[in-house]
Amino acid sequence: MNNLLVIGTQWGDEGKGKIVDFLASAFDLIARYQGGHNAGHTVYLEGKKVVLHLIPAGILHPDKIGVIGNGLVIDPAAFFKELDDLKSIGVEVEAKRLVVSRSAQVIMPYHPLLEKISETQRGKKMIGTTCRGIGPCYEDKAARWGIRVADLLEPSVLREKIEENLAFKNKILQAFGQPALETGPIYEQYKRFGERLAPFVKDVSAFLYEQIKAGKSILFEGAQGVLLDLDHGTFPYVTSSSSTAGGVATGLGLSPKQITAVLGVTKAYCTRVGSGPFPTELKDETGAQLARIGDEFGATTGRPRRCGWFDAVAARYACRLNGVDLLALTKPDVLEGLPEIKACYAYEYKGSKLKDFLSDPYVLDNVRPVYRTFKVWEGSIHHLRSEEKLPAGFIDYLKWLEDELETPVGIISTGVDREDIVFVEDRISRLLGDRAEELLVGH
Ligand code: IMP
């Protein structure tokens, strides 16, 4: 096993940040392949909360290299703010430790403005985006208007592209009552961004190819979650990138054969931020309790997350789509605070039972989840660090979940700290081979 993909199997916020941070010690490079600063990966470092948005979570390990692939959309101001924030907590990120693709798209000042117009235009059907300009930037990529990182390093190209874009975008902004933007100040600001960004910029595809040839290993860090994928998520209530395994190859310029294993991160209940279908959503006191105990507030926007029971139909779909080899289960300790636990294993739809997920909102809005109810296990798993101490009731629940998802669980997160983690050692060893030793010995 050389390169591992870590992916969220739900609507994001599964707790990938912690898992990536933990596994990172066994890899040489940590690479993001999609999304932008809409993501919020939370890691607790010596009890301190650190939220990463654009920079791969593995960067907190001083000997690792972070990679930002061509599949991302980069807001340079957000990128530098994150670097400065990291520096203020003692994490120095020099250019030799962080590589940015010259082909990644750049979020420009008109992107968030156009996003607000688009969201307002949708009215009640708004997506509920993070308003970071992510969607309009990907739209410009697909429409071939986009400005790429390499363009920031070529002043004449940059000026021309800003002029061309504004000639078009200003018409839209003005039609919706917004003032037109001027080329000059944007050009000056983005030229300066380019100068500061230059040392980080590389041909990421060629760089990774050389690293792989030299025997280095890569941890691919997925952002958002499978159900927010542009093609396979609950369209149109999705993000604008390919968060599934397929995005790795296009988003980094690598052969798909380089993904040697896939780890799916799944939370013991579901959450969703923004609009869109959510079959197991709890709009009652139990949902409020999950939000409270699980501290379910958006890491990027601070918005409260919608909460609901675990949905095995959706998670099974995510495992199938991505070829998940092993699961990391996060936050099962949150369920201990409830009177009973439920998990959905099928949907009833138009009189028949569905076990396969259909991503269309008009189907998902009309399904009735079929639940299995579990008693809360005796004995707490909170802060547990060893497999032998897992309560029998929890093991029964775990076995049910593995059967439903047809995928084994290899990691259980039992609290927010880096060390609050239980490994199913033989499964981790099988997945990671030699790399497992370092992780398991250090634990
Ligand atoms: P966008 O990515 O800002 O365009 O937002 C599209 C949808 O994806 C909205 O429902 C967001 O709340 C959701 N979303 C985007 N990034 C994340 C994330 O990192 N975690 C959870 N939801 C996200």
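User: What makes the pairing of the N38 side chain with the ligand a polar contact?

Analyst: In this predicted model, an N or O atom in the side chain of N38 is 2.9 Å from an oxygen atom of the ligand. The cut-off for a pair of N or O atoms is 3.5 Å, so the N38 pair counts as a polar contact.

User: How do you know that T130 and V273 belong in the list of polar contacts too?

Analyst: For T130, a side-chain N or O atom lies 2.6 Å from a ligand oxygen. V273 takes part through its backbone, where a polar atom is 3.0 Å from an oxygen of the ligand. Both distances are within 3.5 Å, therefore both pairs qualify. As for cover, the ligand taken alone exposes 470 Å², and the protein buries 96% of that.

User: Which residues around the ligand come nearest, and how is the shell made up?

Analyst: The shell holds 16 residues, and N38, T130, T239, V273 and R303 come nearest. By class, the shell divides into six nonpolar, eight polar and two charged residues.

User: Why is the ligand said to lie between domain 1 and domain 2?

Analyst: The protein is divided into domain 1 (4-95 + 203-442) and domain 2 (105-200). Each of these domains gives residues to the shell around the ligand, which means that the ligand lies between them.

User: How do you know that the two domains are in contact, given C-alpha centres 30 Å apart?

Analyst: The 30 Å value is a separation of C-alpha centres, whereas contact is judged on heavy atoms within 4.5 Å. On that basis, 31 residues of domain 1 are in contact with 23 residues of domain 2. The area buried between the domains is about 2200 Å², with 64% of it from carbon and sulfur atoms. On the domain 1 side, V73, P76 and F80 lose the most area to domain 2, together giving 26% of what that side buries.

User: Why is the meeting of D84 and R196 called a salt bridge?

Analyst: The side chains of D84 and R196 meet with an N to O distance of 3.1 Å. The limit is 4 Å between a side-chain nitrogen of Lys or Arg and a carboxyl oxygen of Asp or Glu, so this pair passes. The count between domain 1 and domain 2 is one salt bridge, alongside nine residue pairs in polar contact.

Methods. Residues are numbered from 1 along each chain as its sequence is written. This is a predicted model: local features need pLDDT of at least 70, side-chain atom pairs count only at pLDDT 80 or more; totals for chains, interfaces and linings use all residues. Side-chain values use heavy atoms; hydrogens and water are left out. A residue is near a molecule or strand if one of its heavy atoms lies within 4 Å of it. A polar contact is a pair of N or O atoms within 3.5 Å; within protein, one must be able to donate a hydrogen and the other to accept it, and residues adjacent in sequence count only if both atoms are side-chain atoms. Accessible areas come from the Shrake-Rupley method with a 1.4 Å probe; for residues, only the protein chains shown count as cover. Ala, Val, Leu, Ile, Met, Phe, Trp, Tyr, Cys and Pro count as nonpolar, Asp, Glu, Lys and Arg as charged, and the others, Gly among them, as polar. Domain bounds come from an automatic or database domain assignment. Buried area is the accessible area (1.4 Å probe) that two parts lose on being put together, summed over both.
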